[in-house]
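Hi,

Here is the structure I promised to pass on. My notes on it follow underneath.

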Amino acid sequence: LGYKLGKGGFNSVYELEKIELDESSPATEEQRQQRSVVKQNIERKLLAVKFLNESAMSNSNEFCNGAADLLLEAKYLSAISNHPHPSIISLHGVAAAGAAGFATGQMGGYFLIVDRLYDTLDKRIDIWKELRRRKLRHSSPANMKLLQAMFLQRLLVACDICGAIRHLHSLNIVFR
């Protein structure tokens, strides 16, 4: 694992620096190609690993909720894996033990390998608010142009979100 990218209510997400794939086990040509893609994505720092965090592991109620949440996420990401969309993260792998990995009682007993995010909507909104606050102090033509560009960027992000939700709806998945 690389450095910690983020932490949610139940989960921690880390950069995936290296993974050891079992090359000795028999594999189909398709599986060998998938392994090759995973290796390339790791080398290019495009993947992250997500698992239950320490507080969820030590609290039985949080553990149950967090495990269910992570399993549900894997289920939905797996369901759409044959129908990728550029605005929806992809699932690249899960722990070999599957849900039984939770029985180890160890952090990382069950995990998801997903696309690494370099930006989130929350972070972008905070940046837009701060830039808007700074630029509105001085209403120069250059600042007004920047505000217009920011508005266009926000519209494009909204269109990306709408496209992702439309895609999910086309697969009979309702995102709440």
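To start, L152 sits in helix α5, residues 141–170 (helices are DSSP runs of H or I with at least four residues, strands runs of E with at least two, numbered from the N terminus). Residues are numbered from 1 along each chain as its sequence is written. This is a predicted model, where local features need pLDDT of at least 70, side-chain atom pairs count only at pLDDT 80 or more, and totals for chains, interfaces and linings use all residues, while side-chain values use heavy atoms, leaving out hydrogens and water.

Now the inside. The largest nonpolar core (buried Ala, Val, Leu, Ile, Met, Phe, Trp, Tyr and Cys joined through side-chain atoms within 4.5 Å) has 18 residues, and I80, F102, Y110, L112 and V114 touch the most other members. Helix α3 gives the largest share of this core, four residues.

There are three aromatic pairs (ring centres of Phe, Tyr or the six-membered ring of Trp within 6.5 Å; planes under 30 degrees apart are stacked, over 60 edge-to-face, the rest tilted). Y14 and F51 are stacked, at 5.6 Å centre to centre with 5° between the planes. Y14 is in strand β2 and F51 in strand β3, so this pair links parts 37 residues apart in sequence. F51 is buried at 5% relative accessible area (buried is under 20%, exposed over 50%, partly exposed in between; 1.4 Å probe, protein chains only). F63 and F102 have centres 5.8 Å apart and planes at 85°, so they are edge-to-face. F63 is partly exposed at 22%, whereas F102 is buried at 12%. Together with Y110, F63 and F102 make one aromatic cluster.

Best wishes
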